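The exercises below are to be worked with the sequence and the coordinates at hand. Each task is followed by a solution set out in steps.

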Amino acid sequence: MLAETEASLVTPTPEAASTGDGAAVASSVAPAVLASVLRQHIWLLRTEAGEDPMYDDLLNRFLALPPCVETKVEENALMGKLALEEVQARLEADLFLSSLTESAMALPMGMSSGEGVAPPTSTRDILASVVNAEKFFWAGLELGGARGEVQQVREAALSLGLLRAFQTALGKGGKNNAIIAAALLDVSAAVTLRREMLECIDNKFPNISQANDLAWPSMNANGSPLPASHALARRLMFAQDSDDEDEETEETDMQAYWQIVKKRYRSETLDAAGLASPMADLLPEHWTVVNISVTDDKQTLFISRQRARCEPLIFCLPLDRQGRREMGDDEEEQLTYEKAIEELQDIIRLNDETAKNAKDIQDKEGRAGWWSERGALDLRLKELLENIEFCWLGAFKTILAEPSDISAEALNSLRSKIDKVFKRNRVVPQDKKSHLRLRLDDSIVECFSSLSSKCRDEEIEDLIYFVLDLYQLHGAPIALSEIDMDQASLVVDLRTVLEEHSAKGRRESTIHPDHHLFLTLDKNLQGLPWESIPILRGRSVSRIPSISFLLDRVDLVRHQQGQAMASRSSMGAPPPDRTTVDPLKTFYILNPSGDLKNTQSTFEPKFKELEKLGWKGITGRPPTEDEMLQGFQRSDLVLYFGHAAGHQYIRSHKIRNLPKCAATMLWGCSSGALREMGDFERIGTPNHYMLAGCPTLVANLWDVTDREIDRVATAVLSKLRIDGEHLNPKGKNTSGDASAVSVVEAVAEARESCKLKYLTGAAPVVYGIPFYL
């Protein structure tokens, strides 16, 4: 098939046709398409290089294509992948570095030595190959970053992240290595959405002269068309009334904000220099941004952590590292990416089936069996999330722990005790005359200081192997294959160290009372409820497409408060850590389809009471698109209690192009799900709201039953104090109250309010930044 496609894309010139030598002097009709086909064909034949003449022939044809941006991007993508494969082959063939591709790596490296040691010749050769591969990927990223194929941009960014990890592990990290690698991972997560943002900004404020293209234009006495009425244009495009005198002023204000956002997006460049400035420095200090990505072969997990004025920390984790240590290559016992996703999809499929069958069950015995079946699914989901944390993250789950201010004395004490454990068990050199003066970095010690002393043995072993790899990469003579974890006292001794640190060190540490964690997930991981893995369960965690979208929300709050926008060169005032919502400016849609009687009976009395304080809403009938548009633009909070995400009442492009969008809660089935699109990035309702500038969106990852999700929604509103008892005619703003709860905290705590703590409780997730009343 590939050969037929190649043939169809090549046409001989007239001269070639007359001489019968069309293949030799063929001219390409569609060089970009042909380049893509040839690249895939060459990649499939790469193992035949030097043996199959077809490989060399295809490669020569590929490199001889007419030069243009598209063909150069394809060329850099292919040559980069081939160079990366060569790097991995060289590592696997090296006697001392063969385990590196199967070991956990960190950026920064995690250990430093007193004096530099020149790497051996083989390592220098591998580093040269790494640099060569980087050149191709950087060139491709700079050429195609703005308009190239999304899959290639994502692959180039992840490949550069992996190459940076190899460089760091081989001792040539560089000053900004971790910052650039973290930025690359962030870029890879939302390529399409960043491009769509620029398009949406232009559509938020279209040319008003073209607003009513179905009506004849007005003419002056000379027959020239008059400009369209601004008020009429606004009504036509955004279904707004023109009665509000402040409306035009607010629109101008929002237009200025979006133009600043547009300018920032266009100024961002995908090169090493542009990515070397940490965007996280523009965020509040008690915010943490964590990116989780998986490579295209689904074998390696990247997890990065960024905080303001702190060097990023990144772990590169082979997903099967624990399984290989315990069971060799027995894939039956390993939790691969494919197995985890297959299990999640099976749970969700059965969840959908049982939820739909609920209405057909009438007798008591049938209901008991129904609850038993769903209880089993709930347990399966809980166990899956526990296994993902244990098998994929292991000891490195501590990168997700809440930050604490551990004293330098406590850190030094923990580092010294860990070092003594390894020396006491004779797995590292003890010769005081040795030139090696190895020391675990503060970031690594601080990260693992939160590892519980009650963790499983395998997690401590994960830490042990990581530290041993660091010693070995620094030249310490360690025979990893000779270490028997079952016999050695390393695990016991390290557990004792963690117990002592827990008893003493943590008493001296403090945790910020309002810490918040943002998850940036790549397209392969967005369907998993990461917020409910054990280390994150119950904490303030929300999702964001990338740091750029997070800065958009922070800048919007700054703009609303009259502050200047922050930039990397000028920090300005401390960044706001929240947005505030006036609970009296709420618009609700309750049971628009008319068949959710239980939901309506649960919330209608409360909402009708709140209408006396200013609430507006629709109950028991479908809203018009105009009503929904006005609700999003004129309210601070929108509540939707109906089927799905309400897309049957409003078109997605209408949401995306909103110049202003209220904080929103969509309590319908799968309202927060992003649909898989193969090689392309996922699409769905949350993306529309992020493009609209929605500060906070609460939505469900999969289908839920009405009574169960009503319990969660009731708990969220209660924890936010959205009721007649706590609200007054002037509104209730508790943003300065120490006891105030953000919507993200409220959702996290409300997961426990339903019967099925995971099947229902893990479904609601939050996109955006925390809001307070």
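**Exercise 1. Salt bridges between buried residues**

Task: Determine which side chain aspartate 514 meets in a salt bridge, and state where the partners lie.

Solution. The model is a predicted one. Step one is the pairing: the side chain of aspartate 514 forms a salt bridge with that of arginine 578, at 3.0 Å from N to O. Step two is the location: aspartate 514 sits in the loop between helix H19 (490-508) and S9, while arginine 578 sits in the loop between H20 and strand S11 (579-580). The two are 64 residues apart, and the pair links distant parts of the chain. Step three is the burial: aspartate 514 and arginine 578 are both buried.

Task: Carry out the analysis for arginine 154 and aspartate 522.

Solution. The side chains of arginine 154 and aspartate 522 form a salt bridge of 2.5 Å, N to O. Arginine 154 belongs to helix H7 (residues 150-169), and aspartate 522 to the loop between strand S9 (516-521) and strand S10 (541-543). This pair spans 368 residues of sequence and links distant parts of the chain. Both of its members are buried.

**Exercise 2. A partly exposed pair, and the whole count**

Task: Classify glutamate 85 and arginine 46 as buried, partly exposed or exposed, and describe the bond between their side chains.

Solution. Begin with the bond: glutamate 85 and arginine 46 meet through their side chains in a salt bridge of 2.8 Å, N to O. The pair links distant parts of the chain, with glutamate 85 in helix H5 (residues 69-93) and arginine 46 in the loop between helix H3 (31-44) and helix H4 (53-63), 39 residues apart. Next, apply the classes, in which buried means under 20% relative accessible area and exposed over 50%. Glutamate 85 has 29% relative accessibility and therefore counts as partly exposed. Arginine 46, with a relative accessible area of 26%, is likewise partly exposed.

Task: How many salt bridges does a search of the whole structure find, and which residues are linked with Arg194 in a network?

Solution. The search finds 40 salt bridges. Arg194 is linked with Arg264, Glu268, Asp552 and Asp555 in a network of salt bridges. As a general point, side chains of opposite charge can pair when their charged atoms come close.

**Exercise 3. The nonpolar cores**

Task: Identify the residues that touch the most other members of the largest nonpolar core.

Solution. The largest nonpolar core contains 168 residues, and those touching the most other members are Phe315, Trp392, Phe422, Phe466, Trp530 and Met665. Helix H15 (residues 364-393) gives the most to this core, with nine residues. Apart from it lies another core, of 42 residues, including Leu160, Leu163, Phe166 and Ala182.

The surroundings of methionine 665 can then be listed. Leaving aside neighbours within four places in sequence, methionine 665 is in contact with Val638, Leu639, Tyr640, Val698, Val716, Leu717, Leu720, Val743 and Phe771.

**Exercise 4. Buried or exposed?**

Task: Decide whether histidine 559 is buried or exposed, and find its contacts.

Solution. Histidine 559 lies in helix H20 (residues 547-560). Its relative accessible area is 17%, so histidine 559 is buried. Beyond its neighbours within four places in sequence, histidine 559 is in contact with Asp253, Tyr257 and Met565.

Task: Decide whether phenylalanine 680 is buried or exposed, and name the patch to which Phe680 belongs.

Solution. Phenylalanine 680 is found in strand S17 (residues 680-684). With a relative accessible area of 58%, phenylalanine 680 is exposed. Phe680 forms a nonpolar surface patch with Met677 and Ile683, and together they have about 280 Å² of accessible area.

**Exercise 5. Cysteines and the chain as a whole**

Task: State how many disulfides the search finds, and compare the classes of cysteine 310 and cysteine 754.

Solution. A search of the whole structure finds zero disulfides. Cysteine 310 is partly exposed, at a relative accessible area of 46%, whereas cysteine 754 is buried, at 2%.

Task: Summarise the chain in terms of its elements, burial and contacts.

Solution. The chain has 26 helices and 20 strands. Of its 773 residues, 54% are buried. Among contacts with a separation of 6 or more, 79% are between residues 24 or more positions apart. The accessible surface comes to about 34400 Å², and 50% of it belongs to carbon and sulfur atoms.

Terms used: Residues are numbered from 1 along each chain as its sequence is written. This is a predicted model: local features need pLDDT of at least 70, side-chain atom pairs count only at pLDDT 80 or more; totals for chains, interfaces and linings use all residues. Side-chain values use heavy atoms; hydrogens and water are left out. A disulfide is a pair of cysteine sulfur atoms within 2.5 Å. Buried means under 20% relative accessible area, exposed over 50%, partly exposed in between (1.4 Å probe, protein chains only). Helices (H or I, at least four residues) and strands (E, at least two) are DSSP runs, numbered from the N terminus. Contact means heavy atoms within 4.5 Å. Accessible areas come from the Shrake-Rupley method with a 1.4 Å probe; for residues, only the protein chains shown count as cover. Patches are made of residues with over 30% relative accessible area and no salt bridge: like charges are joined within 9 Å, nonpolar side chains (Val, Leu, Ile, Met, Phe, Trp, Tyr) within 5 Å. A salt bridge is a side-chain nitrogen of Lys or Arg within 4 Å of a carboxyl oxygen of Asp or Glu. A nonpolar core is a set of buried Ala, Val, Leu, Ile, Met, Phe, Trp, Tyr and Cys residues joined through side-chain atoms within 4.5 Å.
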